[in-house]
Amino acid sequence: MKDITTISGVIKSDLCISCGACAAYKPELITLRENKKKGLLEPVVKKLTAIDEVDVMNICPGKGYDIHKLSSKKFGIDTYSSYELGLYRQLGVGFANSDRVMEKASSGGLMTAIAYYLLDKKIVDGVIVTKIIPGDKKIGPRTKTFIATNLEGLLEAQGSKYCPVPSLDIRTVVEDFDGQLAFVGTPCQIAGLELLKEQQLGWANKIIFTIGNFCGGFRDFRETDKIIERAGFRPEKVENFTYRGGGQPGRMYIQSGEKVKELNYPDYARATGFIKHKRCRYCIDATGELADISFGDAWIEKYLKSGQGWSIFVARSLMATDVINGMFADKQIYFENIGENEIIASQIGNISTKKYRQGARNKLAQLFNEAVPDFNEVNKKFEGSILFELKVLATHKIFYFLEILGLYKFISKLLKRYPQDM
Ligand SMILES: Cc1cc2nc3c(=O)[nH]c(=O)nc-3n(C[C@H](O)[C@H](O)[C@H](O)COP(=O)(O)OP(=O)(O)OC[C@H]3O[C@@H](n4cnc5c(N)ncnc54)[C@H](O)[C@@H]3O)c2cc1C
Ligand code: SF4
Ligand code: SF4
């Protein structure tokens, strides 16, 4: 089995999620660079001593981390505990009472609304968010993480980015910022941040509140660039791009000069044979279990039919419940209560792949001698079978190899799998 006790081992085992925590931790020794063959931002490591190597692995979320130890330390044991959702204090489903926030929201705009509330009430002085930047001479559209200090900045960053995001490679920006911060990111990025905070770093401790998204994973930049190409654009010429926005479920938006194309979400994911990043397939965090508060889509019939985007929230810390209830009292948002089982049912695809089927998937990985991340999680519900996981893996690998061989588009059209709006 591949060794994942070093950064290079994590990279070789395809468990690096491009989060940038290592580059922020040891900036003099590690920088991130895009590896075009893998479509990821990977650490380039100068010579590390054995001590540095052990030290830096403490903060790498790619290799896994003790999720329950970290969450109980952060939220205490006086919270509700759910195998599927993690520790929590309050659950709800709602939307932002602001047309500006809702215009480009992924679902109910609650992530942006809470970020704005934190700024408006001066609970924090800035919020770390991630926007898309246009393609340039060599590459297609990519992301930039920055500190937003007003609503305009937050709106610029709206929309989910289904790609590698080095949002923790922000040490200098945070060090130079005068004030306290909130952070918006995926569950693994928030885990990386918690691991950095465990090291008692002054700059990381300026981040006092985390806002997470539910997460089904991402595919690498080869997918993004190939979809753009298949939609008839040159990635490096794209001026405006979003993976998602404009209502629920929303659409991908691509613009270059006069030319504009919109592609239905999530159908556009079938436009290429690229598959979900390996680390995402072995991830067990569906709902941002280490975030103060996390948000997902309300895939529930009555909300989907309402003609309005709705986000589910899972508030885990006391600060999060204070904030979300304060927003409701101030009429910044509307929400109603929702039960744990309703959330699980609405997220069942993601929860079953991340929680129930993970045991069988891990056993299959062991058979192939594959390194997988370790979360020290005991499988409480075991569904699926090794054979089923093998079939799923084989199907994905077939699509992947067809893509690499240049045959995917032709075959997926024959199979009527290719998106009709491409
Ligand atoms: C990779 C990924 C996978 C997801 N998978 C699921 C899923 O399986 N099920 C589900 O219900 N929901 C999923 N979500 C969450 C969902 O897409 C919305 O984020 C959520 O419904 C909240 O919507 P909103 O309207 O409140 O957010 P918005 O108002 O659109 O705000 C989104 C905020 O998240 C930040 N952000 C977006 N993408 C990233 C990123 N990759 N890294 C760091 N910050 C980012 C933005 O900067 C912005 O501040 C996923 C999100 C991502 C990024
Ligand atoms: S810390 Fe993040 S960027 Fe660095 S190796 Fe680990 S997963 Fe990759
Ligand atoms: S699926 Fe897991 S590893 Fe992948 S982006 Fe989401 S939280 Fe990170």
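Phe313 lies in strand 14, which spans residues 311–315. The model described here is predicted. Phe313 counts as buried, because its relative accessibility is 0%, under the 20% limit for that class. Beyond its neighbours within four places in sequence, Phe313 is in contact with Gln90, Leu91, Gly92, Val93 and Leu110. The contacts of Phe313 also include Ile293, Ser294, Phe295, Ile324, Phe335 and Ile343. Ile30 is 283 residues away from Phe313 in sequence. The C-alpha atoms of Phe313 and Ile30 are 36 Å apart in space.

The protein chain is divided into domain 1 (67–347) and domain 2 (354–414). Their C-alpha centres lie 25 Å apart. The contact between them takes 26 residues from domain 1 and 26 residues from domain 2.

The largest nonpolar core holds 73 residues. Within this core, Tyr243 and Ile254 touch the most other members. Helix 9 (residues 187–198) gives the most to the core, with six residues. Both domain 1 and domain 2 give residues to this core, so it lies between them. Tyr243 has a long list of contacts, not counting residues up to four places away in sequence. Among them are Ile132, Ser160, Lys161, Tyr162, Cys163 and Phe221. Thr224, Arg251, Met252, Tyr265 and Tyr268 are also touched by Tyr243. Another core, of 52 residues, lies apart from the largest one. Its members include Ala96, Val124, Ala148 and Ile211.

Ligand 1 has 34 residues around it. Ser107, Gly109, Thr112, Ser160 and Asp297 come nearest. Several secondary-structure elements supply the shell around ligand 1, including helix 6 (110–120) and strand 6 (126–133), with at least two residues each. Strand 8 (181–185) and strand 13 (293–297) likewise each supply at least two residues. Polar contacts to the ligand involve both side chains and backbone. An N or O atom in the side chain of Thr112 is 2.6 Å from an oxygen atom of ligand 1. For Phe214, a backbone N or O atom lies 2.9 Å from a nitrogen atom of the ligand. Gln347 places a polar side-chain atom 2.9 Å from an oxygen atom of ligand 1. On its own, ligand 1 has 920 Å² of accessible area, and the protein covers 96% of this.

Helix 16 comprises residues 358–367. Its buried residues are Gln358, Gly359, Ala360, Arg361, Leu364 and Ala365. These buried residues pack against helix 11 (278–281), helix 15 (348–356) and helix 17 (386–404). Just after helix 16, Asn369 takes a positive phi of about 60°. Lys397 is found in helix 17. Lys397 is partly exposed, because its relative accessible area is 34%, between the 20% and 50% limits. Lys397 and Gly273 are 124 residues apart along the chain, and their C-alpha atoms are separated by 8.6 Å.

The loop between strand 12 (259–264) and helix 11 contains His277. This residue is buried, since the relative accessible area of His277 is 9%. Leaving aside neighbours within four places in sequence, His277 is in contact with Asp14, Cys16, Ile17, Leu40, Phe218 and Arg219. Pro266 is found in the loop between strand 12 and helix 11. The peptide bond from Tyr265 to Pro266 is cis, with omega near 0°.

Most residues other than glycine have a negative phi, and most peptide bonds are trans. Two further loop residues have a positive phi. Ser18, which is not a glycine, has phi near 65°. Ser18 lies in the loop between helix 1 (7–12) and helix 2 (21–25). Ser18 counts as buried because its relative accessibility is 0%. Gln200 has a positive phi of about 55° and is not a glycine either. Gln200 lies in the loop between helix 9 and strand 9 (207–213). Gln200 counts as exposed because its relative accessibility is 61%, over the 50% limit.

Note on methods:
Residues are numbered from 1 along each chain as its sequence is written. Chains are lettered from A and ligands numbered from 1 in the order in which they are written. This is a predicted model: local features need pLDDT of at least 70, side-chain atom pairs count only at pLDDT 80 or more; totals for chains, interfaces and linings use all residues. Side-chain values use heavy atoms; hydrogens and water are left out. A nonpolar core is a set of buried Ala, Val, Leu, Ile, Met, Phe, Trp, Tyr and Cys residues joined through side-chain atoms within 4.5 Å. Buried means under 20% relative accessible area, exposed over 50%, partly exposed in between (1.4 Å probe, protein chains only). Helices (H or I, at least four residues) and strands (E, at least two) are DSSP runs, numbered from the N terminus. Domain bounds come from an automatic or database domain assignment. Contact means heavy atoms within 4.5 Å. A residue is near a molecule or strand if one of its heavy atoms lies within 4 Å of it. A polar contact is a pair of N or O atoms within 3.5 Å; within protein, one must be able to donate a hydrogen and the other to accept it, and residues adjacent in sequence count only if both atoms are side-chain atoms. Accessible areas come from the Shrake-Rupley method with a 1.4 Å probe; for residues, only the protein chains shown count as cover.
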